[in-house]
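Me: I'm new to reading protein structures. Could you walk me through this one, feature by feature?

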Amino acid sequence: MKPFESFWTSSNTWRKRHGSPQNRRELFLCVLSDQFTSLLSLNLFYCLFHLPLIFWSAICLINSMSGFESGASNSALGYLDLWLLGMIPCLLLCIPAHYGMALVMRGWSHEDYVPAYSTFWRGLRENWRQGLLTALITGALPAAMWFSYRISSYHEHSGALPVFLALASIALLLWLLSLQVLPSLVVTYDLPFRTCLRNAFLLTLLRLPYFALIEAISLFAVLLYLLFVLLKPDMIAALLIVPILYYTFIGGGLTALLRASFSHWLFDLYLKPTEND
């Protein structure tokens, strides 16, 4: 507890008002309360790595929607093709940053104060190869699914397509859920990347409902936006301000801290004896 002693002993802290955290949930609230300002600053920096992906997605999806609305379906589908292909280099820029953020949040979720920016760069520098591999898999899976569908749609005999798409969708979903813990595994344990991948999948299968819940909380602003769109479909563009503001100022950092707290709760349950402290 020493690294955070200055926070805890101040006159108006979470710990002084509520006592020592008894579990991971209380510890998460404790750290969030005392690191909130730092989290806001770090979140803005973290967002910079996602700007290419955001702008690319906005350009392609807006053009695709315009194509569908005007009846130019071939043009609209072409923009979707272009979006999925261009998303891969965008992910190569942003996903390695998840490993930098994971190293910062590993410290914070253990009540171990670490300087945010230098720790972020260290996590990115030490794990950029794993980040690039993660980005390639994340970008390649949906692209492969989409182009398989596009190619098969031109053939009459494609009875196996629904089965393939169903299995591929399940694989993609499990992969996206496992990304909640994969960066924390990589920055916490001195293990080969393939072992971290295996452990991430096993943890996902063991605690699948928890992973689904954490993902829903992480996507809170997106789900809220979709709900508003259902209620006010004529404001589909204006309502984008909700997720934009949330993820720009707090959402990315809050999600990283939540996932780190969740990951290390799982590690305490299943992997703690082999943790590399």
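Me: In which helix is Leu245 found?

Reply: Good place to begin! Keep in mind that this is a predicted model. Leu245 is found in helix H14.

Me: Is Leu245 buried, partly exposed or exposed?

Reply: The label depends on relative accessible area: under 20% is buried, over 50% is exposed, and partly exposed is in between. Leu245 has 42% relative accessibility, so Leu245 counts as partly exposed.

Me: What kind of surface patch does Leu245 help to make?

Reply: A nonpolar one, of about 520 Å². Its members are Leu44, Leu240, Ile241, Ile244, Leu245 and Phe249. Helix H14 (residues 241-270) provides the largest share of the nonpolar patch, 4 residues.

Me: And how about the inside? Which residues of the largest nonpolar core touch the most other members?

Reply: That core has 62 residues, and those touching the most other members are Leu42, Met105, Trp108, Phe120, Leu182 and Leu185. Helix H6 (residues 73-109) gives the most to this core, with 17 residues. Take Leu182 as a case: leaving out residues up to four places away in sequence, Leu182 touches Tyr99, Thr134, Trp175, Phe193, Cys196, Leu197 and Ala200.

Me: Now for charges. How many salt bridges does the structure hold?

Reply: The general idea is that side chains of opposite charge can pair when their charged atoms come close. This structure holds 3 salt bridges. In one of them, the side chains of Arg24 and Asp268 meet at 3.2 Å, N to O. Arg24 lies in helix H3 (residues 24-34) and Asp268 in helix H14, so this pair ties together parts that are 244 residues apart in sequence. Arg24 is buried, with a relative accessible area of 17%, while Asp268 is partly exposed at 31%.

Me: How many residues apart are Arg122 and Glu126 in helix H7?

Reply: They are 4 residues apart in helix H7 (residues 116-126), which means a separation of about one helical turn. Their side chains meet in a salt bridge at 3.8 Å, N to O. Arg122 is partly exposed, with a relative accessible area of 32%, and Glu126 is partly exposed too, at 45%.

Me: Which residue forms a salt bridge with Glu215?

Reply: Arg259, and the closest N and O atoms are 3.2 Å apart. Glu215 lies in helix H12 (residues 208-218) and Arg259 in helix H14, so the pair ties together parts that are 44 residues apart in sequence. Glu215 has 17% relative accessibility, so Glu215 counts as buried.

Note on methods. Residues numbered from 1 in each chain as written. Predicted model: local features only at pLDDT ≥ 70, side-chain atom pairs only at ≥ 80, totals over all residues. Heavy atoms only, no water. Core = buried A, V, L, I, M, F, W, Y, C linked by side-chain atoms within 4.5 Å. Buried < 20%, exposed > 50% of the residue type's maximum accessible area, 1.4 Å probe, protein only. Helix = DSSP H or I, 4+ residues; strand = E, 2+ residues; numbered from the N terminus. Contact = heavy atoms within 4.5 Å. Patch = residues over 30% accessible without salt bridge, like charges linked within 9 Å, V, L, I, M, F, W, Y side chains within 5 Å. Areas by Shrake-Rupley, 256 points an atom, 1.4 Å probe, with all protein chains shown as cover. Salt bridge = Lys/Arg side-chain N within 4 Å of Asp/Glu carboxyl O.
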